[in-house]
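Take a look at the model below and turn it around a few times. Then read on with the picture still open.

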Amino acid sequence: LSKSASLQAFPDADAVSTYAVAAFQWATAMHIISGVKSNNQVTLQPAGHTTRAQAATIVANFIRSYQLK
């Protein structure tokens with residue numbers, strides 16, 4: 001993975017499984033994911049469910065991140 005960002009800004013960063021940390025760091029650095037705002041904080045919700053709208057946003061952000069190169 002070419003980029004990496006710290007996940008420590010997210011209060012639930014410790015809930016990300018060890019095998020997924022690098023992928024979450026990359027997706028955050030590439031602005032593919034930005035977390036979910038809830039109760040005045042932004043969390044990753046690594047064990048949560050993804051809605052169709054969230055999945056579509058992730059796919060669009062992924063495509064956009066590679067079109068900018």
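What follows is a walk through the overall fold, one helix, a few unusual backbone spots, one strand residue and a pocket.

First, some ground rules: this is a predicted model, where local features need pLDDT of at least 70 and side-chain atom pairs count only at pLDDT 80 or more, while totals for chains, interfaces and linings use all residues. Residues are numbered from 1 along each chain as its sequence is written, and side-chain values use heavy atoms, with hydrogens and water left out.

**The whole chain**

You'll find two helices and two strands here, and from the N terminus on they run α-β-β-α. The radius of gyration is 12 Å, close to the 11 Å that the globule rule gives for 69 residues, so the chain is as compact as a globular protein of that length. (The radius is taken over C-alpha atoms, and the rule is 2.2 Å times the number of residues to the power 0.38. Helices are DSSP runs of H or I with at least four residues, strands are runs of E with at least two, and both are numbered from the N terminus.) Taken along the principal axes, the C-alpha atoms fill a box of roughly 35 × 25 × 20 Å.

How much of the chain is buried? Of the 69 residues, 26% are. Buried means under 20% relative accessible area, exposed means over 50%, and partly exposed is in between, using a 1.4 Å probe and protein chains only. Among contacts between residues at least 6 apart in sequence, 56% join residues at least 24 apart; a contact means heavy atoms within 4.5 Å.

**Helix α1**

Helix α1 covers residues 21–29, and Phe-24, Trp-26, Ala-27, Thr-28 and Ala-29 are its buried residues. What do they pack against? The buried residues of α1 pack against α2.

**Backbone spots with a positive phi**

Most residues other than glycine have a negative phi. Here are three residues with a positive one:

| Residue | Phi | Place |
|---|---|---|
| His-31 | about 60° | just after α1 |
| Asn-40 | about 60° | loop between β1 (36–38) and β2 (41–43) |
| Gln-45 | near 50° | loop between β2 and α2 |

Are the two loop residues buried or exposed? Asn-40 is exposed, with a relative accessible area of 75%, whereas Gln-45 counts as partly exposed at 35% relative accessibility.

**Val-42 in strand β2**

Val-42 is found in strand β2, where it counts as partly exposed at 34% relative accessibility. Which residues does Val-42 touch, leaving aside its neighbours within four places in sequence? Its contacts are Phe-10, Pro-11, Ser-34, Gly-35, Val-36 and Lys-37. Lys-3 sits 39 residues away from Val-42 along the chain, and their C-alpha atoms are separated by 21 Å.

**The largest pocket**

The largest pocket has a volume of about 340 Å³. Of the 16 residues that line it, the closest to its centre are Ile-33, Val-36, Leu-44, Gln-54 and Ile-58. On a 1 Å grid over the protein atoms alone, a pocket is an open set of points with protein on both sides within 12 Å along at least five of seven lines, and lining residues have an atom within 4 Å of a point. Helix α2 (residues 52–67) gives the largest share of the lining, four residues. By type, the lining divides into seven nonpolar, nine polar and no charged residues. Here Ala, Val, Leu, Ile, Met, Phe, Trp, Tyr, Cys and Pro count as nonpolar, Asp, Glu, Lys and Arg as charged, and the others, Gly among them, as polar.

Technical notes: 1 Å grid on protein atoms, 1.4 Å probe; cavity = no way out; pocket = protein on both sides within 12 Å on 5 of 7 lines; lining within 4 Å. Points joined across faces, edges and corners; volume = space filled by probe spheres on them.
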